[in-house]
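This report describes the sheet and the ligand surroundings of one model. Please have the sequence and the coordinates open while reading.

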Amino acid sequence: MRKIFDAQQIRNWDAYTIAQEPIASIDLMERASIAFTDRLLSLFSDKDFTIFCGKGNNGGDGLAIARMLVAMNRKVEVYVVDYSAQASPDFVVNYDRLTSLTTIHSIKTLKDFPVIGQNCVVVDAILGSGTNRPVEGILKDVIQEINQSKLPVISVDIASGLYVSQPIARGNTIIQPDYTLTFEAPKLAFLMPQNQLYVGEWECLPIGLSREYVQNTSTSFFWTDMVSLKKRAKFSHKGTFGHALLAVGSYGSIGAAVLSAKACLRSGVGLLTTYIPACGYEIMQSSVPEAMCQTDPAEKELSVCPDLEKYTVIGIGCGLGKSEKTKAFLNVLLRQVKSPLVLDADALNIMAEEADMLALIPAKSVLTPHPKELQRLIGTWENDFEKLEKVKVFSQKYNCIVLVKGMHTAVVLPNQEVHFNSTGNPGMATGGSGDVLTGIITALIAQGYSSEEAAIIGVFKHGEAGDIASQERGQMAMLPSDIIDKLRW
Ligand SMILES: NC(=O)C1=CN([C@@H]2O[C@H](COP(=O)(O)OP(=O)(O)OC[C@H]3O[C@@H](n4cnc5c(N)ncnc54)[C@H](OP(=O)(O)O)[C@@H]3O)[C@@H](O)[C@H]2O)[C@@H](O)CC1
Ligand SMILES: Nc1ncnc2c1ncn2[C@@H]1O[C@H](COP(=O)(O)OP(=O)(O)O)[C@@H](O)[C@H]1O
Ligand SMILES: [K+]
């Protein structure tokens, strides 16, 4: 798990490193530029480079990168966008270091914009984490020209025009890079679905910023890039790992029930009972023989709440449907249950329609809505930052863990922490992937993980299995069943 900092914290992190390591600011810039150049050349070994620089430290990086490429006899053209009379001190130093080695062109008006060679990669070093307002004038013109160039674009630290930790307004002009190589840590902006055009593929380049600063600085945003699991004790038995109930399925959606059950069993649960409509009995018994199966008196839907006493945790919702009988079933279940639930799909849709049911959510339940289901619960949002704020309010109000599913699923905790997931791929964007996740999280809670841990670990391992499945089958061919198949614990 890593901390994610906002723009001000990143500035402080640089300053703290400079003061405490200690290292001169210009040398830290050199370190960053070496890291960038190394990676740039491994990505584009046979390309020429056109580098556009601003006049702050991001531009300073661009000039240093240009110098390193020139020293390696690479073909480089360097342009400084002359949008301001001010330049940062480290920009000036790097300008002086480069000026005797190559021509540094200036772009004052659009007439100065070059014709870029077709073998070129464009390096965007115009604005970095200091971007604090929409670009105008020559900056805007240059960014638009670069976006129209159709050449590969790679941004230094962050796309010029994009804010590190604030929403962008509609109509802002921003570089649309193919790649972003960012320094040290992920930026909040990269994790927001609305910014996908302005990030491209991204990776972090370590530049040795202070570890001590990370330890001493608090944040509510985290990046889950690894998880740790409890070891199973040698003398453990099936009772050690809990008894889960999955209340799932309706006529036509027994597959959802089967997927959640298989995923639960593949995630270490001690015992699993599925509670399903009568029509699903043979399907469940023959496709998931490891699960016990209890059926509802109704043929096609869940209608009567079973005895819940013996279960460690209950997962509910996958393929449930929203019939009146099922709504009544859920209402009774919510009034009887004392321990946390994992609530998915139609369980959430029913609750969104019957607002008084929300007040019945047991503390520390995990809610796993996809974007549409989330909208039914919290209403619409202006931008992804506002969405997260609304989810935080909901999570605190109902003392529950809420997932914002998608690429980089966010796990929002009642203590207001937001944990973004690093695993997963668009091959998972297919019906049934969410049912698998419900089974996984239910199994983890059954084994004694807290709801918070279960949600964070479950989302990570779900995505990890999805990544293995996509490597083997490709994103288009992979199925939710493949995600289950590739779970490794
Ligand atoms: N030693 C370090 O700290 C290290 C830093 N590193 C690098 O520094 C980068 C951050 O550099 P930076 O802070 O100088 O900001 P940068 O993004 O270059 O902007 C420059 C100035 O432009 C202005 N401005 C903002 N928006 C604007 C707009 N829309 N239109 C016009 N002007 C606008 C604004 O100044 P203002 O006008 O508000 O006074 C801003 O200060 C970072 O991304 C990384 O690449 C690495 O080398 C590692 C070591
Ligand atoms: N582009 C994507 N990248 C990574 N994961 C994704 C992507 N799209 C969807 N997923 C994951 O797949 C799952 C889909 O869940 P959901 O929409 O509820 O599926 P269903 O209800 O059909 O089972 C979620 O865990 C989500 O995070
Ligand atoms: K940039």
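## Strand 5

Why is strand 5 (residues 120-125) largely enclosed by the rest of the structure? In this predicted model, five of its six residues are buried, so the strand is largely enclosed.

Strand 5 has pairing partners in strand 2 and strand 6. With strand 2 (residues 48-53) it pairs in the parallel sense over six bridges. Along this pairing Phe49 stands opposite Val121 of strand 5, and Phe52 has Asp124 as its bridge partner. Strand 6 (residues 153-156) also runs parallel to strand 5 and is joined to it by three bridges; here Val123 stands opposite Ile154. Between strand 5 and strand 6 the chain passes through helix 5 (residues 137-148), and this β-α-β crossover is right-handed.

## The sheet

The sheet is open and consists of seven strands in the order 4-3-2-5-6-7-8, with parallel pairing. Strand 4 (104-107) and strand 8 (201-205) are at the edges; each has a single partner strand, so one side of each is left without a neighbour in the sheet. From one strand to the next, the twist averages 20°.

Helix 2 (25-43) lies across strand 6, strand 7 (179-183) and strand 8. Its direction is at about 155° to strand 7.

## Ligand 1

Ligand 1 is surrounded by 26 residues, the closest being Asp14, Gly56, Asn57, Gly128 and Gly130. By class, this shell has twelve polar, ten nonpolar and four charged residues. Helix 2 and helix 3 (57-71) each contribute at least two residues to the shell.

Notes:
Residues numbered from 1 in each chain as written. Chains lettered and ligands numbered in written order. Predicted model: local features only at pLDDT ≥ 70, side-chain atom pairs only at ≥ 80, totals over all residues. Near = placed C-beta within 6 Å. Helix = DSSP H or I, 4+ residues; strand = E, 2+ residues; numbered from the N terminus. Nonpolar A, V, L, I, M, F, W, Y, C, P; charged D, E, K, R; others polar. Buried ≥ 20, exposed ≤ 12 C-beta atoms within 10 Å, placed from the backbone. Pairing = 2+ DSSP bridges. Right-handed = clockwise from strand over helix to strand, strands pointing away. Axes fitted to C-alpha atoms, helices over the stretch in contact; angles between N-to-C directions. Contact = placed C-beta atoms within 7 Å.
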